[in-house]
Amino acid sequence: NKSQADVMHTIEQAVRSGHTIFFAAHSIQTLKNADIILFFKDGQIIAKGTYSELLKNSPEFKSLVTLE
């Protein structure tokens with residue numbers, strides 16, 4: 001949708017200018033270009049890696065991707 005595209009465009013501009021971005025995502029698709037993802041469950045980091053690494057190594061993350 002347009003608002004998600006606007007947010008992603010703003011994030012991409014900030015990253016290109018050398019800024020580090022931390023954000024919480026409710027849409028898994030917004031994480032595809034992240035350098036690193038910290039995946040939380042019950043307030044604890046249970047996995048970290050790139051989108052591809054988490055798909056491969058984290059059953060919980062893969063389950064969320066499948067649901068979306």
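**A quick tour of a small set of helices and strands**

Let's start with one residue: Glu 12 has a relative accessible area of 33%, which makes it partly exposed. Keep in mind that you're looking at a predicted model. In this model, Glu 12 teams up with Arg 16 in a salt bridge, and the tour below comes back to that pair. First, here's the overall layout.

**Overall layout**

- The protein contains 3 helices and 2 strands.
- If you walk along the sequence, you meet them in the pattern α-β-β-α-α.
- Lay the C-alpha trace along its principal axes and the protein spans about 35 × 25 × 20 Å.
- There are 68 residues in the protein, and 24% of them count as buried.
- For a feel of distances, take Ser 3 and Lys 62: they sit 59 residues apart in sequence, and their C-alpha atoms are 25 Å apart in space.
- Ser 3 belongs to helix H1, and with a relative accessible area of 48% this residue is partly exposed.

**The salt bridge**

- Side chains of opposite charge can pair when their charged atoms come close.
- Searching the whole structure turns up 1 salt bridge.
- In that bridge, the side chains of Glu 12 and Arg 16 meet with an N to O distance of 3.8 Å.
- Why are the two partners about one helical turn apart? They're separated that way because Glu 12 and Arg 16 are 4 residues apart in helix H1.
- Arg 16 counts as exposed because its relative accessible area is 62%, and the cut-off for exposed is over 50%.

**The largest pocket**

- The largest pocket holds about 780 Å³ of space.
- Its lining is made of 25 residues, and the ones nearest the pocket's centre are Ile 21, Phe 23, Leu 31, Ala 34 and Ile 36.
- Sorted by class, the lining of this pocket has 18 nonpolar, 4 polar and 3 charged residues.
- Helix H1 (2-16), strand E1 (37-41) and helix H3 (59-67) each put at least two residues into the lining.
- Which element gives the most to the lining of the largest pocket? That's H1, with 5 residues.

**A nonpolar patch on the surface**

- Ile 36, Leu 38, Phe 40 and Ile 45 make up a nonpolar surface patch, and together they have about 390 Å² of accessible area.
- You'll spot Ile 36 twice on this tour, as one of the residues nearest the centre of the largest pocket and as a member of the patch.
- Another patch member, Phe 40, lies in strand E1, and at 48% relative accessibility Phe 40 counts as partly exposed.

**Two loop residues to look up**

- Is Thr 30 buried or exposed? With 13% relative accessibility, Thr 30 counts as buried, because the cut-off for buried is under 20%.
- You'll find Thr 30 in the loop between H1 and E1.
- Thr 30 and Val 7 are 23 residues apart along the chain, while 9.3 Å separates their C-alpha atoms.
- Most residues other than glycine have a negative phi.
- Asp 42 isn't a glycine, yet its phi is positive, at about 55°.
- Look for Asp 42 in the loop between E1 and strand E2 (44-49), where Asp 42 counts as exposed at 73% relative accessibility.

Notes. Residues numbered from 1 in each chain as written. Predicted model: local features only at pLDDT ≥ 70, side-chain atom pairs only at ≥ 80, totals over all residues. Heavy atoms only, no water. 1 Å grid on protein atoms, 1.4 Å probe; cavity = no way out; pocket = protein on both sides within 12 Å on 5 of 7 lines; lining within 4 Å. Points joined across faces, edges and corners; volume = space filled by probe spheres on them. Nonpolar A, V, L, I, M, F, W, Y, C, P; charged D, E, K, R; others polar. Patch = residues over 30% accessible without salt bridge, like charges linked within 9 Å, V, L, I, M, F, W, Y side chains within 5 Å. Areas by Shrake-Rupley, 256 points an atom, 1.4 Å probe, with all protein chains shown as cover. Salt bridge = Lys/Arg side-chain N within 4 Å of Asp/Glu carboxyl O. Buried < 20%, exposed > 50% of the residue type's maximum accessible area, 1.4 Å probe, protein only.
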